[in-house]
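Hi,

Here is the structure I promised to pass on. Have a look at it first, and then read on for what turned up.

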Amino acid sequence: MNSSKEPKLPAQPKGVSRRGFLGGVGIGGGALGTGLLANESASAAPPAANLVGPGAADITLTINGKPVNLKVEPRVTLLDALRNYIGMTGAKRVCDRGTCGACTVILAGKTVYSCTVLAIDAQGKNIETIEGLATGNSLHPVSAAFVAHDGQQCGYCTSGFVMAAKGFLDEHPNPTMDDVKHGLCGNLCRCGTYMGVRQAVLDAAAKMKGAKNG
Amino acid sequence: MASTPDYSWPPMDQRKVIGKPIKRLDGPQKASGRAKYTSDLKPQGLLFAAYMGSPHAHARITKIDTSDAEKTPGVKAVHIINPEGTEIQWEGMEVAAVAATTEEIANDAMRKIKVEYEVLPHFVQEADLSKAGARAKAGGERVTGDPDQAFKDAEVTSDGQYGIPVINHCCLEPHGAVVQWQGDQVHVFPSTQYISGTAPQLAPNIKVPVTNIHAHMDYIGGGFGSKFSPGKWAEVCAFLSQKAGGAPVKVFLDRRMEQLIPGNRPSAFAKIKLGGKKDGTITAWQSDAWGTGGFAGGNSPPLPYVVDRIPNTRLTYTGVSVNCGPNQAWRAPNNQQACYLTCSALEDFAAKAGMDPIDVFDKNFSYAPDARVEIYRFQLHKAAELAEWSKLWHPRGKGAAGTVKRGLGVAFGAWAGGGHASQCLTTINLDGSVTVELGSQDLGTGTRTIITQVAAETLGLPMSAIKLNIGDNSYPNSGASGGSSTVGGVSSSTRKSTMNALAKLYEVVAPSLGTDADHLEAVNGHIQVKGTPAKSLTWAAACKKIAGGGKISEMGENVQRNPGGLNSQGAAGVQIADVSVDTETGVVRVNRYVAVQDCGLVVNPWLAQSQIHGGIIMGISTALFEERIMDAQTGRMLNPDMEFYKLAGIDDVGDIVVHLDIREENDKRGIIGLGEPCAIAICAAMGNAVANAIGVRVPNVPLTPDRVLTALEGRNA
């Protein structure tokens, strides 16, 4: 396990785990609204001095616990920063609009769609990506369970599913099958691997619990 | 000299690797995010391309000005795909593309390309044939027997209208490529179902000899029939690379373009009238069908589906041209449509006759091809047993009281699935290492795993001893992965190639074992005298005796016309949907979905089951959610995304029960592909289950709440 240093947030109510960004962590579907609010508050108080852009800015992301320096325009999403600027391609760009979950990462302990988070907004928070899960050649229990239960075919949704499952299990270590079906409904697969994914998540929960006890 | 090897599969009870539920070999790569798909590639100096399509469904390009785009810092190449004067026939049809040092710059520059259009009248909705006018092209009428007399004599007649819409492949990895054109050599990294076909298809379009095009792909994020050709994007990518002085360029369609242009499944609608006897025997069929596959029009699904020996039939088909993107093959092309139209009509006939559809289907399976009649009947009753039909089924609309209604529906499918043409090269080296090479690809179906299983079985080695190379056009040609043809093709060529190589190795080692090559076998990592482990050499010791170039390299080929019993075709299946419909909200939920699937020799039952689950889940998604929605006013697609173009999620698909009919008599048929046959019947079974639940037919899929409520209110009675 590599998550001992993650910030721990209070667990969400059991059985309700729609993406964190909907609760206001990222920008997501609330992007327009956030902009309007920003303008309103700007009239009330002078803007903060740390404005960046429109050109590329130097930023530092903390990825799997390690600082990574890069230069990106403020409009670059966390997903595009990972894929195009850092070369971490486990997160996939599929819908690019916060619907499918293929780009799921864990940001400050919350699962988010990295296509709906700006890279500049992800600074100062630990970003867990799938590249940080395995230790050497040893798969993370969630990844291993996806292999064992064939929760994958073409595999393009798999990285996102594995991260969503990891985030879900961090918050719900003892899920029922119904919890799994509800908690993982923010990720889409086209090949139709859901039967394997369901079993994989339940199995990973059992194995991870065993590891913690031992 | 050894005689020609006997390539036939080892008997079921003697197999050590084939037929075992081996986990997919590339599973760890995928589940750890390490698998590199083409869209993940970022070679040194990569340029990102933006790909521009027309906003209009029908227009003529009158002016294109790329000067501002070209002046944008960071832009390395601009390419006009369709020049001034081109008549655009669908929204998203390509206009121009830009390559730049970052994706952001490429997108900015693309917005600076000024295109003027003369907008022309469009037509985008084919569901109402009466509005199609000149866009509809009626084919001739086909008649068998005497349908007029048969309908006059019929004791029961039923009428219905049914529709299955255009849907999108919605591959998670969009269509695209990375191409580097250096000097006279072109390196192509496609996202393709046909790596061996990439160069021959691309060569004429970019006017480069086939031998100068090098194609490579390790992983593909979905194809489902839409990625057989390298596509216009690969060609455009090549030209951008050439213009940019040989830098590698990446083109991947954004999700909107992905939903608009690289393919879709054609629609099919039909008015169908059936006539028959009170005992459920159908004697007459009349269908007037129409549909579209895009601007080019449409092709009739094969009606009546499977039960195509109904004695008296009259059929017409009208293809409709629309200003929408062109169709591509979609997992079991035209079969889902034919199945939906046919099985819906059969169920309506059963309801009209007051009969149990299981009895009606059973009776009318006599119209299926002779070889399949009894297979279908067996499957029908097996599926009914697994679905608890006798306990749960009720006459249409006569279920228990309450607002949530449960219903069952049945449908059938059929697909050929014979092995495609495939060549394989096996090399056994002096150091005992083995490589197996094919110009094939693994779409997520498990192709890597099954090839390795076949090689390991043949050579008597563990799977880990086999190094498999696929995904490159420098390897021997193998067919496109589509139509359930891959497993039969690659397994057969691998079997032959590995046996040919082994025969050479036998010749090399026979003298040391004091026998001749015909008396040797490869078992448990040894070459031994047949049945005599005491007279053996380890694999490594045997390979050390290889002289000459220090290796044995032998080809093997699957010839489609003569598969030699290694593979064959023809897999049938019967499926039953068990649904609950909330009559207040119109929401349809799957309780359980049962599939009884005929098969041949199954190389890997674990992966076969995954594939059948996948076909069914994809089918449930199409039955409940998927539809390309076109706007008549603007000619544009209203849901070119994944938010309003809906796919089923993990909680939408119920429980799936698969009965894979692995038996010795089926095993003897050789390998038969399973990707298609399992994916055909779902819309029909779901539609029939909803009709059974709520007592009225919902004519068109997807079975959305608005359609269910509309049907309940009798508005399209």
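Let me start with a small detail: in chain B, B:Glu521 sits opposite B:Gln528 of E22(B). Please keep in mind throughout that this is a predicted model.

That pair belongs to a run of strands worth tracing by eye. Strand E21 (residues 520–523) of chain B runs antiparallel to strand E22 (residues 526–529) of chain B, and four bridges join them. The two make a hairpin with two residues between the strands, where B:Asn524 has a positive phi near 50°. Then the chain turns again: E22(B) also pairs with strand E23 (residues 532–538) of chain B, antiparallel and over four bridges. Here B:Ile527 has B:Leu537 in E23(B) as its bridge partner. This hairpin, too, has two residues between its strands, and B:Gly531 in the turn shows a positive phi of about 75°.

Now for two helices in chain B. Helix H13 (residues 486–509) has 24 residues and reaches 34 Å from its first C-alpha to its last, close to the 34 Å expected at 1.5 Å a residue. Since 20 of those 24 residues are buried, H13(B) is largely enclosed by the rest of the structure. Helix H15 (residues 605–624) of chain B has 20 residues and reaches 28 Å end to end, first C-alpha to last, close to the 28 Å expected. H15(B) is mostly covered as well, with 18 of its 20 residues buried.

Stepping back, what does chain B add up to in helices and strands? The count is 18 helices and 27 strands. Its radius of gyration is 28 Å, close to the 27 Å that the globule rule gives for 717 residues, so chain B is as compact as a globular protein of that length. The C-alpha trace spans about 80 × 70 × 45 Å along its principal axes, and 59% of the 717 residues count as buried. Of the contacts in chain B between residues at least 6 apart in sequence, 80% join residues at least 24 apart.

Finally, the meeting of the two chains: 49 residues of chain A are in contact with 44 residues of chain B. On the chain A side, several helices supply at least two residues each, including H2 (78–86) and H4 (158–171). H6(A) gives the largest share, five residues. By type, the chain A side divides into 23 nonpolar, 15 polar and 11 charged residues.

Cheers

Key: Residues are numbered from 1 along each chain as its sequence is written. Chains are lettered from A and ligands numbered from 1 in the order in which they are written. This is a predicted model: local features need pLDDT of at least 70, side-chain atom pairs count only at pLDDT 80 or more; totals for chains, interfaces and linings use all residues. Two strands pair if DSSP finds at least two bridges between them. The expected span of a helix is 1.5 Å times one less than its number of residues. A residue is buried if 20 or more other C-beta atoms lie within 10 Å of its own, exposed if 12 or fewer, and partly exposed in between; C-beta atoms are placed from the backbone. The radius of gyration is taken over C-alpha atoms; the globule rule is 2.2 Å times the number of residues to the power 0.38. Two residues are in contact if their C-beta atoms, placed from the backbone, lie within 7 Å. Ala, Val, Leu, Ile, Met, Phe, Trp, Tyr, Cys and Pro count as nonpolar, Asp, Glu, Lys and Arg as charged, and the others, Gly among them, as polar.
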